[in-house]
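Student: Please choose one part of this predicted model and take me through it slowly, from what surrounds it to how it is arranged. After that, I would like to see how a few other places in the chain can be read in a similar way.

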Amino acid sequence: MIVAGERVLDMTTSDPPFAIITGASRGIGAEYARVLAGQGYDLLLVARDEERLTQLSHELETNQSIHAHVCVLDLAQPQSAHQLFVVARNYRLTPDLLINNAGFGLYGEFVSHSLPRIQEMLHLHIQTVVESTRLFLPGMIERGSGAIINVSSIAGMLPMPYLAEYAATKAFLNSFSEALAEETQSTGVHIQACCPGQTETDFHASAGFQPSSPISMQTASQVVRVSLAALQKNQTVVTIGWQGTLWSLLTNWVPKKILMKEIIRKIRPPLGLAQK
Ligand SMILES: NC(=O)c1ccc[n+]([C@@H]2O[C@H](COP(=O)([O-])OP(=O)(O)OC[C@H]3O[C@@H](n4cnc5c(N)ncnc54)[C@H](OP(=O)(O)O)[C@@H]3O)[C@@H](O)[C@H]2O)c1
């Protein structure tokens with residue numbers, strides 16, 4: 001674990017707001033970083049790719065007068081949430097905003113996915129998010145303010161053949177976020193499950209599949225704008241654009257079996273797809 005840009009702990013109330021963003025090296029996470037830096041947030045940028053994180057940190061510190069600290073950490077490893085908590089405490093006892101965004105897709109038949117890769121996904125999408133929330137939330141409640149955004153997916157609204165574990169972990173995130181939002185309702189802390197649809201990032205290439213339709217693609221900038229605006233309104237489950245609204249309607253009103261058949265028709269992998 002490498003931490004760059006150490007700053008002396010400053011407990012005065014005039015501190016700028018502070019956000020921790022996981023998966024900040026690219027895609028949606030990097031976009032959250034750019035937008036929040038523009039709003040004057042100091043940042044802790046977390047991911048594995050040190051070069052990209054450092055580049056982004058320099059970009060943000062040069063263009064905005066903020067501190068963007070870098071934390072190189074594999075969040076799919078045991079103890080990583082605790083390591084993140086320890087690193088974050090070097091900067092501020094309690095972040096104003098924690099964005100659990102790091103994630104990846106696994107496409108294809110469940111039995112073709114390697115067990116270590118599945119375990120990595122379960123750890124990154126579930127274990128680390130739950131542990132980080134358990135570590136950071138009490139400080140927010142005690143202070144009476146703060147927010148946690150869990151970047152989930154519209155895939156979490158329906159069982160998805162050929163994205164089975166991915167959709168199931170995102171369903172967990174939606175359920176977890178909604179339940180916590182109720183528990184924390186009167187504490188001044190907001191919990192959000194941000195549910196993007198297909199978004200233009202490296203996500204699909206790393207997961208090994210093509211987005212189903214270019215028409216329904218969203219941009220990372222659109223996702224972040226909607227998510228942060230929804231935080232102001234304390235919305236818990238946030239979908240993006242007309243695609244998100246349509247998907248919510250379909251998953252609420254159309255029988256699961258029918259939707260799943262349509263998904264199979266659209267995304268069933270060709271025979272002989274390589275093991276991941
Ligand atoms: N793009 C879409 O269509 C879409 C749709 C719905 C939801 N989402 C969700 O949006 C979130 C961000 O995805 P994206 O679209 O921005 O994809 P992306 O461009 O591939 O970015 C994924 C980010 O997660 C980080 N990450 C992956 N594994 C990690 C690990 N083990 N430890 C620490 N960081 C890790 C990556 O950083 P390093 O590789 O540097 O570690 C990267 O910063 C994910 O949770 C994804 O499920 C995406």
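Tutor: Let us begin with the surroundings of helix α7, whose buried residues are covered by elements that include α1 (27-38), β5 (97-100), β6 (146-151), β7 (189-195) and β8 (237-239). Since you are looking at a predicted model, it helps to know how confident the predictor was: the mean pLDDT of the chain is 92, and 91% of its residues reach 70 or more. The stretch to be careful with is residues 1-12, where the pLDDT is below 50, although the model gives this stretch 33 contacts beyond near neighbours in sequence. Where pLDDT is low, the predicted coordinates should not be read in detail.

Now to the helix itself. Helix α7 runs over residues 220-232, and its 13 residues reach 19 Å from the first C-alpha to the last, which is close to the 18 Å expected at 1.5 Å a residue. The buried residues in α7 are Ala220, Val223, Val224, Ser227, Leu228, Ala230 and Leu231. These residues lie on the same side of α7, because they cover an arc of only 155° around the axis. The general background is that an α-helix has 3.6 residues a turn, so residues three or four places apart point the same way. On the other side of α7 you will find Arg225 and Gln232, which are exposed. Beyond the end of the helix comes Asn234, which follows α7 and has a positive phi, near 55°.

Other places in the chain can be read with similar care, and aromatic rings are a good next step. The model contains five aromatic pairs, and one of them is formed by Phe85 and Phe136, which meet edge-to-face at 5.1 Å centre to centre with 70° between the planes. This pair links distant parts of the chain, since Phe85 belongs to helix α3 (residues 80-89) while Phe136 belongs to helix α4 (residues 115-143), 51 residues apart. Phe85 counts as buried because its relative accessibility is 14%, under the cut-off of 20%, and Phe136 is also buried, with a relative accessible area of 2%.

Phe104 sits in the loop between β5 and α4, and at 10% relative accessibility this residue, too, counts as buried. Leaving aside residues up to four places away in sequence, Phe104 touches Arg117, Glu120, Met121, Leu124, His125, Tyr166 and Phe203. By contrast, Arg34 is 70 residues from Phe104 in sequence and 21 Å from it in space, C-alpha to C-alpha.

His204 takes us to helix α6 (residues 203-207). With a relative accessibility of 6%, His204 counts as buried, and its contacts, again not counting residues up to four places away in sequence, are Gln198, Thr199, Phe209, Pro211 and Met217.

Finally, consider the cysteines, for which the count of disulfides comes to zero. Cys194 is a useful case, because the closest cysteine sulfur, in Cys195, is 6.7 Å from its own sulfur, too far for a bond. Cys194 is nevertheless buried, at 0% relative accessibility, and Cys71 is likewise buried, with a relative accessible area of 0%.

Note on methods:
Residues numbered from 1 in each chain as written. Predicted model: local features only at pLDDT ≥ 70, side-chain atom pairs only at ≥ 80, totals over all residues. Heavy atoms only, no water. pLDDT = per-residue confidence, 0-100. Contact = heavy atoms within 4.5 Å. Disulfide = S-S within 2.5 Å. Buried < 20%, exposed > 50% of the residue type's maximum accessible area, 1.4 Å probe, protein only. Helix = DSSP H or I, 4+ residues; strand = E, 2+ residues; numbered from the N terminus. Expected span 1.5 Å × (residues − 1). Arc of directions from axis to C-beta. Phe/Tyr/Trp six-rings, centres within 6.5 Å; stacked < 30°, edge-to-face > 60°.
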